[in-house]
Amino acid sequence: MNMRKAVPVLIIAVALSGCSAFRKSAAPDEFAVARNAPLIIPPDYTLTPPVAGTAGLSPQDAQGQAIDALFGGPAPRSATESSLLDRAGRDRATVGIRSTAGDPDTRVIDKGTVTTAILNAPQSDGQVASAQVPQ
């Protein structure tokens, strides 16, 4: 009876050992160091050194070139979008306005009592239209 219990335990032990004794290939050695050839950057003979007295790129030109390289330049606009932007005053927009819009020193326009009354009006149905608050 002792032998009957020992055989299943021995079979389970061999199965759980991973059967590494039956493998023919060796596991990779994590500590082995391989020597690779160093990276070599070939010289670019088409570049010429700058000529003395010529103007280089200004920071704005370099920034514009970087933005064009990243984003591909301005996106084409439809006629409707261009018309809407022109009517909204696209040419009079201040550069960097998004940075100053949240500034505490930004002056806010007084909307007046009529606009405040409209915004604070309770929900009600009129003669011509009805208002519903979305749930």
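**Salt bridges, helices and surface of an all-helical predicted model**

Arg-77 forms a salt bridge with Glu-81, with 2.9 Å between the closest N and O atoms. The structure described here is a predicted model, and within it the count of salt bridges comes to three. Arg-77 itself is partly exposed, its relative accessible area being 46%, and its partner Glu-81 is likewise classed as partly exposed, at 33%. Side chains of opposite charge can pair when their charged atoms come close. Another of these pairs joins Arg-90 to Asp-86, where the closest N and O atoms are again 2.9 Å apart. Arg-90 has a relative accessibility of 39% and therefore counts as partly exposed, since that class lies between the 20% limit for buried residues and the 50% limit for exposed ones. Asp-86, with a relative accessible area of 48%, is also partly exposed. A further salt bridge links the side chains of Arg-92 and Asp-91, with an N to O distance of 3.9 Å, which falls within the 4 Å cut-off used for such contacts. Arg-92 is exposed, because its relative accessible area of 62% is over 50%, and Asp-91, at 67% relative accessibility, counts as exposed as well.

The secondary structure of the protein consists of five helices and zero strands, so that the pattern read along the sequence is α-α-α-α-α. Helix 3, which spans residues 79–88, is hardly covered, as the count of buried residues among its ten residues is zero. Helix 3 is followed by Gly-89, a residue whose phi is positive, near 90 degrees. Helix 2, formed by residues 59–71, contains 13 residues and reaches 18 Å from its first C-alpha to its last, close to the 18 Å expected at 1.5 Å a residue. Gly-72 follows helix 2, and the phi of this glycine is also positive, near 80 degrees.

Leu-70, which lies in helix 2, belongs to a nonpolar patch on the surface that it forms with Ile-67 and Phe-71, the three residues together having about 370 Å² of accessible area. An α-helix has 3.6 residues a turn, so residues three or four places apart point the same way. Leu-70 counts as exposed because its relative accessibility of 67% is over the 50% limit.

For the protein as a whole, 1% of the 135 residues count as buried. The protein exposes about 14000 Å², of which carbon and sulfur atoms supply 61%. The mean pLDDT of the protein is 76, and 90% of its residues reach 70 or more. Confidence is not uniform along the chain: among the helices, the lowest mean, 72, belongs to helix 4 (residues 97–100), whereas the highest, 91, is found in helix 3.

Key:
Residues numbered from 1 in each chain as written. Heavy atoms only, no water. Helix = DSSP H or I, 4+ residues; strand = E, 2+ residues; numbered from the N terminus. Expected span 1.5 Å × (residues − 1). Patch = residues over 30% accessible without salt bridge, like charges linked within 9 Å, V, L, I, M, F, W, Y side chains within 5 Å. Areas by Shrake-Rupley, 256 points an atom, 1.4 Å probe, with all protein chains shown as cover. Buried < 20%, exposed > 50% of the residue type's maximum accessible area, 1.4 Å probe, protein only. pLDDT = per-residue confidence, 0-100.
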